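This briefing is intended for a reader at the bench who wishes to examine a protein fold alongside its coordinates. Please consult the sequence and the structure shown here before turning to the points that follow.

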Amino acid sequence: MHMTHDTAAPAAPEIAFDQFLAVDIRVGTIVAAHPFPEARKPAYKLEIDFGPAIGVKRSSAQITEHYTLEELPGRQVAAVVNFPPRQIGPMRSEVLTLGFPDADGKVVLVQPSHLVANGGRLF
């Protein structure tokens with residue numbers, strides 16, 4: 001799924017600004033986090049509230065190394081909200097929750113440094 005986690009990798013090929021605008025990245029608040037024992041790699045099932053226009057969406061996230069189920073509700077995260085849903089085992093993931101790899105390749109969530117309104121679009 002990912003091209004590379006290598007921090008020494010060159011930048012991806014140049015794209016037009018309109019291509020960037022086509023990717024709808026929004027902020028939402030995790031309202032619930034559940035175990036996902038059926039996942040091939042350790043993951044959680046998340047329910048994320050993106051505000052009234054988009055609503056609550058589900059996501060599978062491989063974030064078990066840095067986050068516990070108990071600390072996730074209330075945390076704001078960034079996600080791509082306009083990819084088609086993807087079947088991940090028995091669940092349908094509706095958004096792609098975003099993160100960066102740490103030194104070991106484990107996911108660190110992308111989140112705003114201050115509280116912002118759910119549904120806000122990245123620019």
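The points below address the overall fold, the sheet, its central pairings and an aromatic contact.

The structure is a predicted model. The protein contains one helix and nine strands, and from the N terminus its elements run α-β-β-β-β-β-β-β-β-β.

**Overall dimensions and packing**

- The C-alpha trace spans about 40 × 35 × 30 Å along its principal axes.
- The radius of gyration is 15 Å; a compact globule of 123 residues would have a value near 14 Å, so the protein agrees with that expectation.
- Of the 123 residues, 29% are buried.
- Among contacts with a separation of 6 or more, 58% are between residues 24 or more positions apart.
- The exposed area of the protein is about 8,200 Å², and carbon and sulfur atoms supply 57% of this area.

**The five-stranded sheet**

- Five strands form an open sheet in the order S3-S2-S1-S4-S7, and their pairing is antiparallel.
- Strand S3 (56-61) and strand S7 (96-97) are the edge strands, each of which pairs on one side only.
- In general, the strands of a sheet pair through backbone hydrogen bonds, in either a parallel or an antiparallel manner.

**Strand S1 and its two neighbours**

- Strand S1 (residues 25-35) runs antiparallel to strand S2 (residues 44-49), and six bridges join the two.
- Within this pairing, Ala33 stands opposite Leu46 in S2, while Ala32 has Glu47 of S2 as its bridge partner.
- S1 also runs antiparallel to strand S4 (residues 76-80), to which five bridges join it.
- Here, Ile25 stands opposite Val80 in S4.
- S1 is mostly covered, with eight of its eleven residues buried.

**The aromatic pair in helix H1**

- The count of aromatic pairs comes to one.
- This pair consists of Phe17 and Phe20, whose ring centres lie 5.8 Å apart with 40 degrees between the planes, an arrangement that counts as tilted.
- Phe17 and Phe20 are three residues apart in helix H1 (residues 17-22), and therefore they are separated by about one helical turn.
- Phe17 counts as exposed because its relative accessibility is 57%, above the 50% cut-off.
- Phe20 has a relative accessible area of 32% and so is partly exposed.

Technical notes. Residues are numbered from 1 along each chain as its sequence is written. This is a predicted model: local features need pLDDT of at least 70, side-chain atom pairs count only at pLDDT 80 or more; totals for chains, interfaces and linings use all residues. Side-chain values use heavy atoms; hydrogens and water are left out. Two strands pair if DSSP finds at least two bridges between them. Helices (H or I, at least four residues) and strands (E, at least two) are DSSP runs, numbered from the N terminus. Buried means under 20% relative accessible area, exposed over 50%, partly exposed in between (1.4 Å probe, protein chains only). Rings of Phe, Tyr and Trp (its six-membered ring) pair if their centres lie within 6.5 Å; planes under 30 degrees apart count as stacked, over 60 as edge-to-face and the rest as tilted. The radius of gyration is taken over C-alpha atoms; the globule rule is 2.2 Å times the number of residues to the power 0.38. Contact means heavy atoms within 4.5 Å. Accessible areas come from the Shrake-Rupley method with a 1.4 Å probe; for residues, only the protein chains shown count as cover.
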